[in-house]
Amino acid sequence: MSLKRLALLLTIIGGINWGLVGAFKFNLVEFLFAFAPIVATIIYIVVGIAACYAFFAYLIK
């Protein structure tokens, strides 16, 4: 899997999580990683970086 596809996949997963938060007030990341808040924070950071990368990678295509 290329880095571009991985970034796109992580961005889609992040978008799904935001959709769940907006529609149902259900944060899937917090639900899955409630036992380790630092892991949830790292996931948010990685998804944010992936979104920035995907934006520029598809913009400059």
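Modeller: Start with one definition. A helix here is a DSSP run of H or I with at least four residues, and helices are numbered from the N terminus. With that, places in the chain get names: A36, for instance, sits in the loop between α2 and α3. One caution: this is a predicted model.

Colleague: How many helices and strands are there in the chain?

Modeller: Count the elements before anything else. The chain has three helices and zero strands. Along the sequence the pattern reads α-α-α. The C-alpha atoms fill a box of roughly 40 × 25 × 15 Å along the principal axes.

Colleague: How do I check a helix length? What should the 22 residues of helix α1 span?

Modeller: Multiply the rise of each residue along the run, then compare with the distance between the ends. Helix α1 covers residues 3-24, and at 1.5 Å a residue its 22 residues should span 32 Å. The end C-alpha atoms of α1 are 31 Å apart, which agrees. Now repeat the check on α3. Its 23 residues should span 33 Å, and its end C-alpha atoms are 33 Å apart, so that agrees too.

Colleague: Which residues in α1 are buried?

Modeller: Buried means under 20% relative accessible area. In α1, the buried residues are A7, G14 and N17. Seen down the axis of α1, these buried residues fall within an arc of 85°, so they line one face of the helix.

Colleague: Why can residues spread along a helix point the same way?

Modeller: An α-helix has 3.6 residues a turn, so residues three or four places apart point the same way.

Colleague: And which exposed residues does the face of α1 turned away from its buried side carry?

Modeller: Look across the helix from the buried face. There you find R5, I16, A23 and F24, which are exposed. Exposed means over 50% relative accessible area.

Colleague: What covers the buried residues of α1?

Modeller: For cover, look for contacts from other elements. The cover of the buried residues of α1 includes α2 (28-32) and α3 (37-59). Then turn to α3. Its buried residues are A40, V47, A50, A54 and A57. The cover of those residues includes α1 and α2.

Colleague: How large is the buried share of the chain?

Modeller: Take the whole chain as the base. Of its 61 residues, 16% are buried. For contacts, look at distance along the sequence. Among contacts with a separation of 6 or more, 51% join residues 24 or more positions apart. For the surface, look at the atoms. The chain exposes about 4,700 Å², and carbon and sulfur atoms supply 80% of that area.

Colleague: Which residues form the nonpolar patch on the surface?

Modeller: A patch is read as a group, not residue by residue. Here M1, L3, L6, L9, I13 and Y53 form a nonpolar patch, with about 610 Å² of accessible area together. Helix α1 gives the largest share, four residues. M1 comes from the segment before α1. M1 is exposed, with a relative accessible area of 76%.

Colleague: What about S2? Where is its place?

Modeller: S2 also belongs to the segment before α1. S2 is partly exposed, with a relative accessible area of 37%. S2 and I16 are 14 residues apart in sequence, and their C-alpha atoms are 21 Å apart.

Colleague: Next, backbone angles. Which residue just after α1 takes a positive phi?

Modeller: Check the sign of phi, then the residue type. K25 comes just after α1 and has a positive phi of about 55°. K25 is a residue other than glycine. Its place is the loop between α1 and α2. K25 is exposed, with a relative accessible area of 74%.

Colleague: Back to A36. Is A36 buried or exposed?

Modeller: Compare its value with the cut-off. A36 has a relative accessible area of 13%, so A36 is buried. A36 and T11 lie 25 residues apart in sequence and 22 Å apart in space, C-alpha to C-alpha.

Colleague: One more residue. Where is the place of L59?

Modeller: L59 is in helix α3. With a relative accessible area of 56%, L59 is exposed. L59 and I45 are 14 residues apart along the chain, and 21 Å separates their C-alpha atoms.

Key
Residues numbered from 1 in each chain as written. Predicted model: local features only at pLDDT ≥ 70, side-chain atom pairs only at ≥ 80, totals over all residues. Heavy atoms only, no water. Helix = DSSP H or I, 4+ residues; strand = E, 2+ residues; numbered from the N terminus. Expected span 1.5 Å × (residues − 1). Buried < 20%, exposed > 50% of the residue type's maximum accessible area, 1.4 Å probe, protein only. Arc of directions from axis to C-beta. Contact = heavy atoms within 4.5 Å. Patch = residues over 30% accessible without salt bridge, like charges linked within 9 Å, V, L, I, M, F, W, Y side chains within 5 Å. Areas by Shrake-Rupley, 256 points an atom, 1.4 Å probe, with all protein chains shown as cover. Salt bridge = Lys/Arg side-chain N within 4 Å of Asp/Glu carboxyl O.
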